[in-house]
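Work through the exercises below with the model open beside you, trying each task before you read its solution.

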Amino acid sequence: MRLTRYSDFAMRVLLYLGRRPDQMSSIPAIARAYAISQNHLMKVVSDLVSAGYLESVRGRNGGIRLARRPDEINIGALIRHTEDSFDLVGCGECIIAPACGLTSVLDEALRAFLTVLDSYSLADVLARKGDFSHLLIASAGEEERASGGRG
């Protein structure tokens, strides 16, 4: 199974903000840190704010931050939110789908995949391999420090 770039960017934003749960960050700083498109990131962030994963604060000291604690953000729920479809091979359009054994096998595999994701929170993922901040592009981190974490 391959997740969309949208889900990838959503996870990147949450991981970035999860490393600084009490600080404001900016979309430009996150985009620079990962060397990804700021325009794509704005759409993802807007959706995550609407869904209650992020909080957006306007003004001079504004920016974005997690709206929930990392241990309250379930990875499976996030992926279900960010993915439009889990149709692995397009069985719905296939003429033999009603009689095909592969359809049920793929459904079982998808359930197992989501069950694993459901068993992890953002806090679990953040703790799994340690701090990755040093791997992000340095200029974004320098900007965050210079602004006191404000976006």
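## Charged pairs and a helix contact

At 31% relative accessibility, Glu-55 counts as partly exposed, a value that belongs, like every other one here, to a predicted model.

**Exercise 1.** Identify the residue that forms a salt bridge with Glu-55, and describe where the two partners lie in the chain.

*Solution.* Begin with the distance: the closest N and O atoms of Arg-65 and Glu-55 are 2.8 Å apart, and because the cut-off for a salt bridge is 4 Å, the pair qualifies. Next, place the partners, for Glu-55 belongs to strand 1 (residues 54-57) and Arg-65 to strand 2 (residues 63-66), so that the pair, 10 residues apart, links distant parts of the chain. Finally, consider exposure: Arg-65 has a relative accessible area of 25% and is partly exposed, as is Glu-55 at 31%.

**Exercise 2.** Determine how the positions of Asp-8 and Arg-12 in helix 1 are related, and whether each residue is buried or partly exposed.

*Solution.* The side chains of Asp-8 and Arg-12 meet in a salt bridge, with an N to O distance of 3.1 Å. Both residues lie in helix 1 (residues 5-18), and because they are four residues apart, about one helical turn separates them. Asp-8, with a relative accessible area of 32%, is partly exposed, and Arg-12 also counts as partly exposed, at 22% relative accessibility.

**Exercise 3.** Find the partner of Glu-72 in a salt bridge, and then the network to which the pair belongs.

*Solution.* Glu-72 pairs with Arg-69, their closest N and O atoms being 3.3 Å apart. Both residues are partly exposed, Glu-72 with a relative accessible area of 41% and Arg-69 with one of 48%. Salt bridges with shared partners then join Arg-69, Asp-71 and Glu-72 into one network. For the model, the count of salt bridges comes to five.

**Exercise 4.** Classify the packing of helix 4 against helix 5, and describe the residues that make the contact.

*Solution.* Helix 4 (residues 75-82) and helix 5 (residues 101-118) pack with their axes 6 Å apart and at an angle of about 125 degrees, which makes helix 4 oblique to helix 5. On the side of helix 4 the contact is made by Ile-75, Gly-76, Ala-77, Ile-79 and Arg-80, and on the side of helix 5 by Leu-114, Leu-117 and Asp-118. Sorted by class, this contact has five nonpolar residues, one polar residue and two charged residues.

Conventions: Residues are numbered from 1 along each chain as its sequence is written. This is a predicted model: local features need pLDDT of at least 70, side-chain atom pairs count only at pLDDT 80 or more; totals for chains, interfaces and linings use all residues. Side-chain values use heavy atoms; hydrogens and water are left out. Axes are lines fitted to C-alpha atoms, for helices over the stretch in contact, and angles run from 0 to 180 degrees between N-to-C directions. Helices (H or I, at least four residues) and strands (E, at least two) are DSSP runs, numbered from the N terminus. Angles under 35 degrees count as roughly parallel, over 145 as roughly antiparallel, 65 to 115 as roughly perpendicular and the rest as oblique. Contact means heavy atoms within 4.5 Å. Ala, Val, Leu, Ile, Met, Phe, Trp, Tyr, Cys and Pro count as nonpolar, Asp, Glu, Lys and Arg as charged, and the others, Gly among them, as polar. Buried means under 20% relative accessible area, exposed over 50%, partly exposed in between (1.4 Å probe, protein chains only).
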